[in-house]
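Q: I would like a close look at one part of this protein before I go any further. Please take it slowly and then set it against the rest of the chain.

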Amino acid sequence: MERRSFLKKATVGASVGAIAAPALAQALPTINWRLASSFPKSLDTIFGAAETFSKRLSQSTGGKFNVRVFAGGEIVPALQVMDAVQAGTVEMGHTASYYYFGKDPTFAFDCAVPFGLNSRQQTAWFDQGGGKALLREFFKEYGIVNFMGGNTGTQMGGWFRKEVKSVQDLNGLKMRIGGFAGRVMQKLGLVPQQIAGGDIYPALEKGTIDAAEWVGPYDDEKLGFYKVAPYYYTPGWWEAGPQLSFYVSLKEWEKLPKEYQSALEAATYEAHVVMQSEYDAKNPAALARLLKNGVK
């Protein structure tokens with residue numbers, strides 16, 4: 001009798017739970033956002049972070065909160081993602097904050113500065129060392145809420161069409177280099193160029209630029225830089241641990257139910273962790289392949 005009573009109560013409890021969960025989900029609105037990325041689809045690691053985020057957010061909200069991801073140039077130019085979020089053209093963006101250091105050098109601290117923090121230190125500062133509060137206060141001036149959006153780990157020093165044998169060889173050399181690092185390299189006579197990832201190869205192939213840095217072996221191999229610039233330098237001291245960021249329109253963020261805010265932030269954390277683990281796993285094999293292809 002006690003066993004039958006227990007099973008009966010358990011069945012009733014399970015039925016109530018099954019009814020209550022969908023009812024709770026139905027109480028929340030269906031939301032569809034757009035996210036503009038600064039990166040091309042061909043780069044499954046750095047562009048893929050936004051896809052990881054989007055998939056997890058939809059799963060965790062029962063398909064009620066969906067974010068469609070667009071590659072650089074599909075909605076807005078790759079280097080204008082911040083402006084698009086600020087203007088309300090899109091609700092979200094995925095980008096590297098140092099792209100916008102020309103507006104204010106403070107943006108570089110949300111990504112990387114020369115001789116700065118490695119990836120673990122960058123995450124620790126943002127998540128535990130007060131960095132998030134400082135940056136949130138700064139981004140609020142632009143109508144944006146920023147979240148960690150991945151980290152590539154220490155980057156390479158770039159591809160050069162000709163071997164660099166002395167500091168004098170940098171004088172007048174045109175190089176695609178991101179963020180605040182270009183200011184430092186200018187002191188050595190280099191001419192920095194800010195070019196989106198998908199546009200680097202054509203510029204390097206045509207000789208519009210003499211050198212370029214991007215991320216590391218896995219991405220660089222995909223972009224084919226070794227075919228036109230055989231000299232590969234390392235490390236990229238200007239990017240010891242560059243953090244990518246998700247931008248959310250402050251106006252849209254404040255409209256979200258608390259449950260969706262929580263789900264969104266959790267999804268950004270997952271994307272943040274997955275990106276560097278993918279790079280760490282893929283870069284060594286890619287570097288070995290590049291060396292076999294004659295890279296110096």
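Over which residues does pLDDT stay under 50, and how many contacts beyond four places in sequence does the model have for them?

A: This is a predicted model, and the part in question is residues 10-24, over which pLDDT stays under 50 and for which the model has 0 contacts beyond four places in sequence. Where pLDDT is low, the predicted coordinates should not be read in detail. For the protein as a whole, the average pLDDT is 93, and 91% of the residues score at least 70.

Turning to the interior, the largest nonpolar core has 72 residues, and those with the most contacts inside it are W33, F53, F65, M92, W214 and L264. Helix α10, residues 258-292, gives this core its largest share, 8 residues. L264, leaving aside residues up to four places away in sequence, touches W33, F53, L57, F65, M92, F147, V248, W253 and L256. Another core lies apart from the largest one and has 11 residues, among them L170, M175, M185 and L190.

Two points of backbone geometry also deserve a careful reading. The peptide bond from T234 to P235 is cis, with omega near 0 degrees, and P235 sits in the loop between β9 (231-233) and β10 (243-249). F115, a residue other than glycine, has a positive phi near 60 degrees; it is found in the loop between β3 (92-95) and α4 (119-127), and with a relative accessible area of 63% F115 counts as exposed, because that value is over 50%.

Notes:
Residues are numbered from 1 along each chain as its sequence is written. This is a predicted model: local features need pLDDT of at least 70, side-chain atom pairs count only at pLDDT 80 or more; totals for chains, interfaces and linings use all residues. Side-chain values use heavy atoms; hydrogens and water are left out. pLDDT is the predictor's confidence in each residue, from 0 to 100. Contact means heavy atoms within 4.5 Å. Helices (H or I, at least four residues) and strands (E, at least two) are DSSP runs, numbered from the N terminus. Buried means under 20% relative accessible area, exposed over 50%, partly exposed in between (1.4 Å probe, protein chains only). A nonpolar core is a set of buried Ala, Val, Leu, Ile, Met, Phe, Trp, Tyr and Cys residues joined through side-chain atoms within 4.5 Å.
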